[in-house]
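User: I am new to reading protein models, and I would like a close look at a single part of this one. Please take me through it slowly and in connected sentences.

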Amino acid sequence: MTRKDIVALAEVLRIHNQTADAQAEFTPNHLGVLADFYAAEYPMLNREGWIEYIAGVNRDKGSPKSVSRLKRDKKQQQNALQSLLRQLRREVGLTQKDIAEILGKPQAFVSYYETGARLLDLLELREVCEVLGISLVVFVWKFEKELLDPMLPTLST
């Protein structure tokens, strides 16, 4: 298993546990291997802290930077989302007009979601991610990384 595989697996487990409200069970072996890897690469948490983080346990107090994440208000999170969408669009060299044409929408559609005048639903966000050449999972990882801790590893598309 490569480092990239381990990072991706850990994130999938963490997201799954968050959506399942930490009810999913993984063997201690799975969590131990991932926690050992993360503790060695990112010592901001010890092995036990990483196990709790990956498993979704004690999210209110054991996750990296969870206190700052909880204190961020909705507007700050929305600003981070808008900024990430704009940044990714620029990284792939597309204009707002380019994305709008691909989506079959007016250019204002892109302008509105990048400025926060309009919120995207999940299906629309998925379509935008496809145009940007990034999976929804990787997009969410990048967004969470922005909110939680910029030191977390980067996932590729």
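How many aromatic pairs does a search of the whole structure find?

Analyst: A search of the whole structure finds one aromatic pair, and since this is a predicted model, everything that follows describes computed coordinates. The two partners are Phe109 and Tyr113, whose rings are arranged edge-to-face, with 5.5 Å from centre to centre and an angle of 80° between their planes. The label edge-to-face rests on a cut-off, because planes over 60 degrees apart are counted that way, and the angle of 80° for Phe109 and Tyr113 lies over it.

It helps to ask where the two residues sit along the chain. Both belong to helix H7, which covers residues 107-115, and because they are four residues apart in that helix, about one helical turn separates Phe109 from Tyr113. Both are also buried, a word used here for a relative accessible area under 20%: Phe109 has a relative accessibility of 8%, while the value for Tyr113 is 2%. Phe109 has a further partner, for the charged end of Lys105 sits over the ring of Phe109, at 5.0 Å from the centre of that ring.

Another residue of helix H7 is Gln107, which counts as partly exposed because its relative accessibility is 38%. Gln107 is twelve residues away from Thr95 in sequence, and the C-alpha atoms of these two residues are 9.3 Å apart in space.

Helix H6, made of residues 96-103, can be read in a similar way. Its buried residues are Gln96, Ile99, Ala100 and Leu103, and when one looks down the axis of H6 they fall within an arc of 100°, so they line one face of the helix. The face of H6 that is turned away from this buried side carries Lys97, Glu101 and Ile102, which are exposed.

For the wider setting, the chain contains nine helices and zero strands, and buried residues account for 39% of its 157 residues.

The structure also has pockets to consider, and the largest pocket has a volume of about 400 Å³. Its lining is made of 15 residues, and those closest to its centre are Gln77, Gln78, Leu81, Leu125 and Phe143. The elements that give two or more residues to this lining are helix H5 (74-91), helix H8 (122-132) and helix H9 (136-148), with H5 providing the largest share, five residues. By type, the lining of the largest pocket divides into ten nonpolar, two polar and three charged residues.

One of the residues closest to the centre of that pocket, Gln78, has its place in helix H5 and counts as buried because its relative accessibility is 19%, a value under the 20% limit for that class. Gln78 and Leu119 are 41 residues apart in sequence, yet their C-alpha atoms are 9.0 Å apart in space.

To return to the part you asked about, the aromatic pair joins Phe109 and Tyr113 edge-to-face, about one helical turn apart in helix H7, with the charged end of Lys105 over the ring of Phe109.

Technical notes: Residues are numbered from 1 along each chain as its sequence is written. This is a predicted model: local features need pLDDT of at least 70, side-chain atom pairs count only at pLDDT 80 or more; totals for chains, interfaces and linings use all residues. Side-chain values use heavy atoms; hydrogens and water are left out. On a 1 Å grid over the protein atoms alone, a cavity is a set of points where a 1.4 Å probe fits but cannot get out, and a pocket is an open set with protein on both sides within 12 Å along at least five of seven lines; lining residues have an atom within 4 Å of a point. Grid points are joined across faces, edges and corners, and a volume is the space filled by probe spheres set on the points. Ala, Val, Leu, Ile, Met, Phe, Trp, Tyr, Cys and Pro count as nonpolar, Asp, Glu, Lys and Arg as charged, and the others, Gly among them, as polar. Rings of Phe, Tyr and Trp (its six-membered ring) pair if their centres lie within 6.5 Å; planes under 30 degrees apart count as stacked, over 60 as edge-to-face and the rest as tilted. Buried means under 20% relative accessible area, exposed over 50%, partly exposed in between (1.4 Å probe, protein chains only). A charge sits over a ring if NZ of Lys or CZ of Arg is within 6 Å of the ring centre and within 35 degrees of the ring normal. The arc is that of the directions from the helix axis to the C-beta atoms.
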